[in-house]
Amino acid sequence: MGSIVAIGAQWGDEGKAKMIDYLTRESDIVVRYQGGANAGHTVVVNDEKFVFHLIPSGILHEDKKCVIGNGVVLDPILFIEEMEVLEKKGINVKDNLVISDAAHFILPYHKIIDAALEEFQQENKIGTTKRGIGPCYSDKCLRIGIRVGDIMDEKYLKSRITTVLKIKNLQLQGTYNEKPFTVEEIMDILMTFKKKAGNLIKNTQTYLHQEIAHGKKILLEGAQGYGLDMDHGTYPYVTSSNPSIGGALLGTGLNSVNVTEVIGIAKAYVTRVGEGPFPSEADEEAGERLRVNGNEFGATTGRPRRTGWFDATLLKKSAMINGLTQIALTKLDVLTGFEKIKVCVGYDMDGERADDVCLSRYYKVKPIYVEIDGWEENISKCRSFEELPINCQNYVKFLEDEVGTPITYISVGPGREYTFKK
Ligand code: GDP
Ligand code: IMO
Ligand code: MG
């Protein structure tokens, strides 16, 4: 019994949480491995909507454990808010969640610097979620981050914060014209976190390996997606972590021997939020239709998502880099009613075929489309591949053949019950 990694195969918001919730039934522990509260993961159960930012989507299952892994950047204020909202709704977070002592804290200055950096580079802004993700991961690399486990030794913590603030305050005041922070302000935030969540902190790397040794099945929940990966994505229009398979191992301490399945979660079309190249972005009319049908508005920032056609060339790369063994295809219902559905099967760059171009040069390519016949029938009641209209089946088969990875799950609605195995 191996571990399963579920990775967003496009530019995020693929319906990962909905699939994680489904896959949690066959797992024991669900682990977030990277990113932070930039994620917005939606699960709909009996018409009730839950949006997770930091807590793994598996938390809705009372009998499962959840882990915030060492690769995550954790905003202590947002975390407490999220935990309290869930507890009020009757979800038992405290007994079912552990937090890695090696995860880094996102502190208020990270969020201020995130927003200020965007302001600073107006013409080339990334369109970040302003959750402090980039500045926090940079501090981690600079070795001036504050880690969750640091709060266990208050004397040590205070001396770390004092040193770190010397640097951060200079940056805040000198570069960004912002107010400095006092050691007490940061200590207060962290001591509140300690009081409310201190007993959830663990060495999660060891915990996960021990649980694997006891035969437990681990499910790793990716945030963001392959196209937003700092190394493999459309740099610089990416997030500051590695949503891809490498990040899954780094962000949990699991190794490649532990992982037996890598499931790519892909929408039946594509969306992206924020700036950056998007070769298969739809024209205004089709784009708006996809946005309205798919209710494509960000779960974290509420921003309208950009919409476009399924990009099989992107998915092939995603499958190659991540070692996808399966694909879960979501939001197929959103394509109902389109007479023709486009699929991007390659790129043209300056008149030449350029399918292998790296994602950071996507601003140079034009999509090469194939058009597939659409379907009119409402598919939201279908619970097997055979029940789908024949044109819909043909569309799924076409994607599968183009990408070369089996589509094993299909989702035709936001609720838990709308997912089936192909
Ligand atoms: P995530 O970040 O990958 O977890 O995805 P988000 O939660 O940000 O966005 C996915 C949105 O699509 C959410 O509003 C889901 O409730 C919704 N959704 C997920 N799967 C389906 C589906 O198969 N059909 C429809 N219509 N909506 C879906
Ligand atoms: P989930 O997990 C979609 C995008 C932002 C921006 C870029 C960098 O819900 O799929 P950041 O705040 O990370 O520095 O922003 O990444 N982005 C996402 N887009 N889904 C997400 O998460 C995202 N998290 C970040 O819009 O373009
Ligand atoms: Mg999302």
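## Two ligands, a magnesium ion and the residues around them

An oxygen atom of ligand 1 lies 3.1 Å from a polar backbone atom of Gly413, and this contact is a convenient place to enter the structure, which is a predicted model. Taken alone, ligand 1 would expose 580 Å², and the protein buries 93% of that area. The elements that contribute two or more residues to the shell around this ligand are H1 and S3, and the space that ligand 1 takes up is the second largest pocket.

Around ligand 1 there are 19 residues, and those that come nearest are Lys16, Gly40, Thr42, Asp333 and Ser411. Backbone atoms recur among the polar contacts of this ligand: a polar backbone atom of Gly40 is 2.8 Å from one of its oxygen atoms, and a backbone N or O atom of Ala17 lies 3.0 Å from an oxygen atom of ligand 1.

Gly40 also leads to the metal, since the magnesium ion (ligand 3) is coordinated by the O atom of Gly40 together with OD of Asp13, at 2.0 to 2.2 Å. Asp13 belongs to the loop between strand S1 (3-8) and helix H1 (16-24), whereas Gly40 belongs to the loop between strand S2 (29-32) and strand S3 (41-45), so the pair ties together parts that are 27 residues apart in sequence. Gly40 has a relative accessibility of 11%, and because buried means under 20%, Gly40 counts as buried.

Asp13, in turn, brings the reader to ligand 2, where a backbone N or O atom of Asp13 lies 2.8 Å from an oxygen atom of the ligand. The protein buries 98% of the 550 Å² that ligand 2 exposes when taken alone, and this ligand sits in the largest pocket. Its surroundings comprise 20 residues, of which the closest are Asp13, Lys16, His41, Thr129 and Thr239. Side chains take part here as well: an N or O atom in the side chain of Lys16 is 2.6 Å from an oxygen atom of ligand 2, and an N or O atom in the side chain of Arg303 is 2.9 Å from an oxygen atom of ligand 2. Lys16 is thus listed among the closest residues of ligand 2, and it is also listed among the nearest residues of ligand 1.

Some further details concern the protein chain itself. Thr307 lies in strand S13, which spans residues 306-308, and at 1% relative accessibility this threonine counts as buried. A polar atom of the Thr307 side chain lies 2.7 Å from the backbone oxygen of Gly287.

The backbone geometry deserves attention at several loop positions. The peptide bond from Tyr235 to Pro236 is cis, with omega near 5°, and Pro236 is placed in the loop between strand S10 (218-221) and helix H8 (245-250). Asp47, although it is not a glycine, has a positive phi of about 70°; this residue is found in the loop between S3 and strand S4 (48-52), and with a relative accessibility of 77% it counts as exposed. Asn177 likewise is not a glycine and has a positive phi, of about 60°. Its place is in the loop between helix H5 (154-175) and helix H6 (183-197), where Asn177 is exposed, with a relative accessible area of 71%.

Key: Residues numbered from 1 in each chain as written. Chains lettered and ligands numbered in written order. Predicted model: local features only at pLDDT ≥ 70, side-chain atom pairs only at ≥ 80, totals over all residues. Heavy atoms only, no water. Donors = N, O, S within 2.8 Å, 3.2 Å for Na, K, Ca; no water. Helix = DSSP H or I, 4+ residues; strand = E, 2+ residues; numbered from the N terminus. Buried < 20%, exposed > 50% of the residue type's maximum accessible area, 1.4 Å probe, protein only. Near = heavy atom within 4 Å. Polar contact = N/O pair within 3.5 Å; in protein donor to acceptor, adjacent residues only side chain to side chain. Areas by Shrake-Rupley, 256 points an atom, 1.4 Å probe, with all protein chains shown as cover. 1 Å grid on protein atoms, 1.4 Å probe; cavity = no way out; pocket = protein on both sides within 12 Å on 5 of 7 lines; lining within 4 Å. Sits in = over half its atoms within 2 Å of the grid points.
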